[in-house]
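Colleague: I have some questions about how you label things here. Can you take me through them?

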Amino acid sequence: MAQYTITYFPVRARSQSVRFLLADQGCEWKEDVVPIEPWYQGKDDRKKSMAFGQLPMFTDGDFRLFQSNAILRYLARKHYLYGKNDKEAALIDMVNDGAEDLRIKFFRFFFQEWDTGKEKYMEEMPDLLSPFERILSKNSSGFLVGSTISFADYSLLDVLYNHVAVAPDCLKSFPLLQAYYDMMVSRPKLKVYLESEDHKNCPMHPARTL
Ligand code: GTS
């Protein structure tokens, strides 16, 4: 039986980076899928028992955890994905916070401004992605920080994956980011997950084909 459970709506959104980490680390997990409508209509009593009234919730046995980035960090500590020393850990936090800033901007556009803000977001996209090209240029390992993969890599992959889905050519002018993206999606266990029905049947948006 899987040790880990993700309790979340039937979308990728704020669970995708956690799923990427788990899949790539060879962990099994169970999906506890929460129907969206009853929840948003206040008809799902589970909301009251969530720390911030929100999902995702992650459970490891009887340990319950909320906040997607806290979940990533918890798993990073358990699976040695948090750098080799305090400085690497701080840099991993820094890059993850940068990815989170971009995730928030992307979600605002994708979930709230899709019809009105697409052109503007497409124009801004190169400026939003360029910091990550610079970060990669300062580290020769191919990963964001240090010589091995960290939880920030799953976080950035999540953000890039979403950008590529809405703008397939968006990495073309960023050779390092493009190579990084290709390397990440080719990691054997991640590739299997990305090609799985579980991933394909879990949409980016509940009401759109993307
Ligand atoms: N900072 C939180 C995290 O990273 O986990 C945000 C969680 C959050 O905003 N959850 C939303 C939610 O539960 C769903 S989603 O934005 O992740 O898709 N909304 C329902 C509610 O009742 O607030």
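Modeller: Start with helix α4, residues 86–112, in this predicted model. Helix α4 has 27 residues. From its first C-alpha to its last, α4 reaches 38 Å.

Colleague: What makes 38 Å close to the span expected for α4?

Modeller: The expected span is 1.5 Å times one less than the number of residues. For α4 that gives 39 Å, and 38 Å is close to it.

Colleague: What is found at the start of α4?

Modeller: A side-chain oxygen of Asn-85 comes within 3.2 Å of the backbone nitrogen of Lys-87. The cut-off for a polar contact is 3.5 Å, so this pair counts.

Colleague: Now helix α7, residues 175–185. Which of its residues are buried?

Modeller: Leu-177, Tyr-180, Tyr-181, Met-184 and Val-185. Buried means under 20% relative accessible area.

Colleague: Why do you put these residues on the same side of α7?

Modeller: Because they cover an arc of only 120° around the axis. Their cover includes α5 (118–137), α6 (151–166) and α8 (188–194).

Colleague: Which residues are around the ligand?

Modeller: Among them are Tyr-8, Phe-9, Arg-14, Trp-39, Tyr-40 and Gly-53.

Colleague: What makes the pairs with Arg-14, Tyr-40 and Gly-53 polar contacts?

Modeller: The atoms and the distances. A polar side-chain atom of Arg-14 lies 3.1 Å from a ligand oxygen. A polar side-chain atom of Tyr-40 is 2.9 Å from a ligand nitrogen. At Gly-53, a polar backbone atom is 3.5 Å from a ligand oxygen. The limit is within 3.5 Å, so these pairs count.

Colleague: How much of the ligand does the protein bury?

Modeller: Alone, the ligand exposes 550 Å², and the protein buries 76% of that.

Conventions: Residues numbered from 1 in each chain as written. Predicted model: local features only at pLDDT ≥ 70, side-chain atom pairs only at ≥ 80, totals over all residues. Heavy atoms only, no water. Buried < 20%, exposed > 50% of the residue type's maximum accessible area, 1.4 Å probe, protein only. Helix = DSSP H or I, 4+ residues; strand = E, 2+ residues; numbered from the N terminus. Arc of directions from axis to C-beta. Contact = heavy atoms within 4.5 Å. Near = heavy atom within 4 Å. Polar contact = N/O pair within 3.5 Å; in protein donor to acceptor, adjacent residues only side chain to side chain. Areas by Shrake-Rupley, 256 points an atom, 1.4 Å probe, with all protein chains shown as cover.
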